[in-house]
Amino acid sequence: MRIAFVSSEAVPFAKTGGLADVSGALTKELAGRGHEVALFVPRYNGVEDKAEGVAVLASNIAVAMGDRTEMLELSGVKRDGVQVYLVGHDGFFRRPELYRDPSTGKDWADNDERFIFFSRAVLAACRHLDWIPELIHANDWQSALLPTYVNTLYENDSEWAATRTLFTVHNIAYQGMFEADTFGKLGLEPGLWYPGGPFEYWGKVNFLKLGLEFAESLSTVSPRYAEEIAGSNEYGFGMEGILSRRCGDLTGITNGIDYDIWNPETDPHIAARFSAGDPAGKRACKEALQKEVGLPPSAHPLIGIISRLADQKGFDLIGEVSETLLSRDLQIVVLGTGDAKYHELFDALAARYPEKLAVALRFDNGLAHRIEAGSDMFLMPSRYEPCGLNQLYSLRYGTIPMVRATGGLADTVEPYTPTSGTGFQFETYAGADMLDMIDCALATYRDATAWSRLMKRAMEADFSWPAAAARYEALYNETRSKPKRAQAERNPA
Ligand code: ADP
């Protein structure tokens, strides 16, 4: 199948979160299954240096943008069987950060134009290359306009007649919402804008909503999150109405992880290699980690945290119970960046409890690997979590996940019993409930035999990509057999 996978980030080219891991790994896996896969990513600053052999393929492809034309410079490189296309426009993409202006801390003011350009440039590139995909897999709001364009601009274009679209939501809270005048920039018929129509959302234009309206199939990154976002405003962030109307088209597919990159048997970032059968090296990893982050040697359990420091991730619960938590026999290491209030919280705790809590407020991939390898437990108290990757890495590194039972965390961490389970969960979003869960984990840790059995079960859990990629492949096939969305809307069953 000719598959265009479109994403605003992909490992190794650009990454701010889990979407990048998924884009890099899933495309590789699909190519391995014999598909013709093109991965489209914006050509941000420095992206060319992330892979060898990137070459400019075409310099002046015209991209219509409403009433003006912008020029696309397309670069490319073949990697692991995947044809990667870097969508180049220096004015839009050569900037210090992907989505946000670091000098104001706010989103780039022209994010609408940047990602309108990205979507239209992907379509222009396909035409230029004379390579029309049978399936376009768009991801999150940044590429949500692709299903929209295929089902409006190209609705009656014979070239695109066989193309179907899948839109995957990796996090529904980020929607790409813009003022009404953004509609004019889309370059579509004015008659498409009317109150209550797909293009209007409370007087604004919401790119994510457009993806949900126009793609033939919808998916998200765990079955539980699929139920949650269609089920209530708490999780659906305003999209629950559309999603419950389209629930027949919505699937949850749990992400895999790339065991070529996240594998304690081969990981080049860590102090010693280890495995489920031979876990001894984990001790050396713990000692090296304590030293690296400035914690004193200690046999007490070490809890790792690696995260964007955003409200979604539940760190206000740590703030709520920090005194009690840090009175326990444990150490904590935090790696993350994000909201200033969490930087302040963790800085203050590190100053107050230097023997117990260490923080690294930055993005550091190597340290992320060493925290996964050297910690005994991993804490993710998320308010919501579409899938979550770190708990999956933790399982493989024998670092027992302690999670809130939501979204993908609920689906992938099996609650501990003396004879089964891979981690610990709490249900109610409250500091006291989180603390009870941590106390339960600490008590289990003191029973060395129980803990080593638990570690073994965790390390043997399998969340590799082949199984997830097979599910995507089935979904692509199902999607291709559907009528075009534009027609389905006009002739509802
Ligand atoms: P999200 O996509 O919501 O940020 P995920 O758990 O799905 O959460 O993915 C987060 C990814 O980003 C993981 O690969 C994690 O290791 C990585 N990550 C997050 N923060 C940092 C950081 N400060 N340094 C290094 N890696 C990080």
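How many residue pairs are in polar contact between domain 1 and domain 2, with both at pLDDT 80 or more? Hold that thought for a moment.

Okay, hi everyone. What we have here is a predicted model, where local features need pLDDT of at least 70, side-chain atom pairs count only at pLDDT 80 or more, and totals for chains, interfaces and linings use all residues. Residues are numbered from 1 along each chain as its sequence is written, and side-chain values use heavy atoms, with hydrogens and water left out.

So, the layout. Domain 1 covers 2-256 plus 467-490, and domain 2 covers 281-462; those bounds come from an automatic or database domain assignment. Their C-alpha centres sit 33 Å apart. Each domain puts residues into the contact: 19 from domain 1 and 19 from domain 2, where contact means heavy atoms within 4.5 Å.

Now, back to my question. There are 9 such pairs. By polar contact I mean a pair of N or O atoms within 3.5 Å; within protein, one has to be able to donate a hydrogen and the other to accept it, and residues adjacent in sequence count only if both atoms are side-chain atoms. Salt bridges between the two domains? The count is 0, taking a salt bridge as a side-chain nitrogen of Lys or Arg within 4 Å of a carboxyl oxygen of Asp or Glu.

Let's look at the domain 1 side of that contact. The elements giving two or more residues to it are α1 (18-32) and α7 (223-231), and α7 brings the largest share, 4 residues. Helices here are DSSP runs of H or I, at least four residues, strands are E runs of at least two, and both are numbered from the N terminus.

Next up, the ligand. It has 19 residues around it, and the closest are Lys15, Gly18, Arg308, Lys313 and Arg362; to be near, a residue needs a heavy atom within 4 Å. A polar backbone atom of Gly18 is 2.7 Å from a ligand oxygen. For Asp21, an N or O atom in the side chain is 3.5 Å from an oxygen of the ligand. And Asp364 has a backbone N or O atom 3.0 Å from a ligand nitrogen.

One last stop: Asp110. You'll find Asp110 in the loop between β7 (106-107) and α3 (111-129). Leaving aside residues up to four places away in sequence, Asp110 touches Phe92 and Arg95. With Arg95 there's also a side-chain polar contact, at 2.7 Å.

That's my tour, thanks!
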